[in-house]
Amino acid sequence: MLGFLVGEALRDLRRAGRVAVAAILLITLSLAALGGFWLVSTNVGAAAAHWRERVRIIVYLKREPTPADAQALVERVQAMPGVGATRFVSKSEALGTLKQVLGKDASVAEQLPSNPLPASLEVTMTAEAATPEGARGLIARLSELPEADDIGGGIDWIERLARGQRLLEVIGLGVGAVLALAAILTVTTATTLVLHLRRQEVEIMRLVGAPELVVRLPLLLQGMLQGLVGAAAAIWVLIAVYLIGGPRLEPLVSQTLGLDHLSFLTTQTVVALIMAGTTLGGVGGWLARGRTDP
């Protein structure tokens with residue numbers, strides 16, 4: 001029975017001709033668009049997580065404490081909620097870092113009459129506290145330190161990057177949904193055309209008492225086959241784009257987002273795209289109606 005149904009579905013697919021090809025192309029476009037936005041969103045999210053782990057809040061001190069007072073201050077800050085690590089940076093260390101940054105122009109810093117840079121604390125937040133609300137709360141607590149003169153740093157720009165990721169996901173879902181609706185309608189049209197071409201066969205099957213499920217199951221399988229082929233084509237399109245465009249974009253991505261390499265879709269995402277394509281085709285096939293319908 002299964003072999004008969006699959007054979008009928010393949011024959012119906014050939015009968016649909018160009019309409020079936022158009023349906024497959026639309027499914028390919030819808031899933032490729034969704035997968036493309038998903039691919040970009042995944043890498044933007046990885047960049048946001050990458051930078052969130054490296055955020056530092058700098059507490060500039062009014063005066064440089066003694067080693068004992070600096071150690072006590074570090075321990076006090078380390079005990080605050082949301083603090084992952086704390087490091088004391090002396091005035092001399094800050095000046096040395098500035099000279100490294102200046103490179104060949106380091107002589108400018110050496111000509112200063114005195115060290116103008118303040119001592120500071122570099123505070124790293126825990127993963128749970130690395131949110132806009134958590135950062136603002138921690139900055140407020142650090143500002144209350146009697147030794148603190150000014151506070152620098154924050155994660156607002158990283159959260160803007162995360163909001164951009166969510167916007168990409170919404171746009172991708174919107175574009176994919178529109179194209180998916182068009183694909184369903186095209187699959188429905190192709191299946192309805194097949195129903196019209198084989199109306200005499202369907203009438204005979206019903207006259208001899210064939211269950212309605214047996215009559216319509218080849219149509220459902222036809223739609224699912226179109227969806228499966230479209231999903232496979234979309235995945236190959238995404239692989240080709242990733243292999244061709246990835247190496248060219250990685251230097252730019254490394255400089256702007258700090259990612260060493262671009263990531264491809266996960267296995268779960270690829271499986272989800274295949275299931276989505278098969279479901280789209282199946283829905284289109286099941287919705288088909290013709291003049292032979294009861």
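## Exercises on a predicted model

At 38% relative accessibility, arginine 87 counts as partly exposed. This value, like the others below, comes from a predicted model.

**Exercise 1. Trace the network of salt bridges that links Arg87, Glu93 and Glu122.**

Step 1. Start with the cut-off: a side-chain nitrogen of Lys or Arg must lie within 4 Å of a carboxyl oxygen of Asp or Glu.

Step 2. Test arginine 87 against glutamate 93. Their closest N and O atoms are 2.6 Å apart, and the pair forms a salt bridge.

Step 3. Test glutamate 122 against arginine 87. Here the closest N and O atoms are 3.5 Å apart, and this pair also forms a salt bridge. It links distant parts of the chain: glutamate 122 sits in strand β3, arginine 87 in strand β2 (residues 83-89), and 35 residues separate them.

Step 4. Join the pairs. Arginine 87 bridges to glutamate 93 and to glutamate 122, so the three residues form a network under the salt-bridge rule.

Step 5. Add accessibility. Glutamate 93 is partly exposed at 31%. Glutamate 122 is partly exposed too, at 25%.

**Exercise 2. Find the salt-bridge partner of glutamate 147 and place both residues.**

Step 1. The partner is arginine 76, with the closest N and O atoms 2.6 Å apart.

Step 2. Place them. Glutamate 147 is in the loop between α6 and β4 (148-152), while arginine 76 is in helix α3; they are 71 residues apart.

Step 3. Classify them. Partly exposed runs between the 20% and 50% limits, so glutamate 147 at 26% falls in that class. Arginine 76 falls there as well, at 39%.

Step 4. Check the total: the model holds three salt bridges.

**Exercise 3. Describe the largest nonpolar core, then look at leucine 142.**

Step 1. Count the members. The largest nonpolar core has 19 residues. Val77, Leu121, Val123 and Leu142 have the most contacts inside it.

Step 2. Map the core to elements. β1 (56-61), α3 (67-78), β3 (120-125) and α6 (132-143) each give two or more residues.

Step 3. List what leucine 142 touches, leaving out residues up to four places away in sequence. The list is Ile57, Val59, Val77, Met80, Val123, Ala148 and Ile151.

Step 4. Look for another core. One of 15 residues lies apart from it, with Ala23, Ala183, Ala234 and Ile235 among its members.

**Exercise 4. Is threonine 28 buried or exposed, and which residues does it contact?**

Step 1. Locate it. Threonine 28 is in helix α2 (residues 18-52).

Step 2. Apply the limit. Buried means under 20%; threonine 28 has 11% relative accessibility and is therefore buried.

Step 3. List the contacts. Beyond its neighbours within four places in sequence, threonine 28 meets Gly230, Ala233 and Ala234.

**Exercise 5. Which residues make the nonpolar surface patch of about 230 Å²?**

Step 1. The patch is made by Leu167, Ile171 and Val175.

Step 2. Place one of them. Isoleucine 171 is in helix α7 (residues 156-197).

Step 3. Recall the helix rule. An α-helix has 3.6 residues a turn, so residues three or four places apart point the same way.

Step 4. Check accessibility. Isoleucine 171 has a relative accessible area of 37% and is partly exposed.

**Exercise 6. Compare the expected and modelled spans of helix α10.**

Step 1. Helix α10 (residues 267-286) has 20 residues.

Step 2. At 1.5 Å a residue, α10 should span 28 Å.

Step 3. The end C-alpha atoms of α10 are 28 Å apart, which agrees.

Step 4. Buried residues in α10 include Thr269, Val270, Leu273 and Gly277.

Notes. Residues are numbered from 1 along each chain as its sequence is written. This is a predicted model: local features need pLDDT of at least 70, side-chain atom pairs count only at pLDDT 80 or more; totals for chains, interfaces and linings use all residues. Side-chain values use heavy atoms; hydrogens and water are left out. Patches are made of residues with over 30% relative accessible area and no salt bridge: like charges are joined within 9 Å, nonpolar side chains (Val, Leu, Ile, Met, Phe, Trp, Tyr) within 5 Å. Accessible areas come from the Shrake-Rupley method with a 1.4 Å probe; for residues, only the protein chains shown count as cover. Helices (H or I, at least four residues) and strands (E, at least two) are DSSP runs, numbered from the N terminus. Buried means under 20% relative accessible area, exposed over 50%, partly exposed in between (1.4 Å probe, protein chains only). A nonpolar core is a set of buried Ala, Val, Leu, Ile, Met, Phe, Trp, Tyr and Cys residues joined through side-chain atoms within 4.5 Å. Contact means heavy atoms within 4.5 Å. The expected span of a helix is 1.5 Å times one less than its number of residues.
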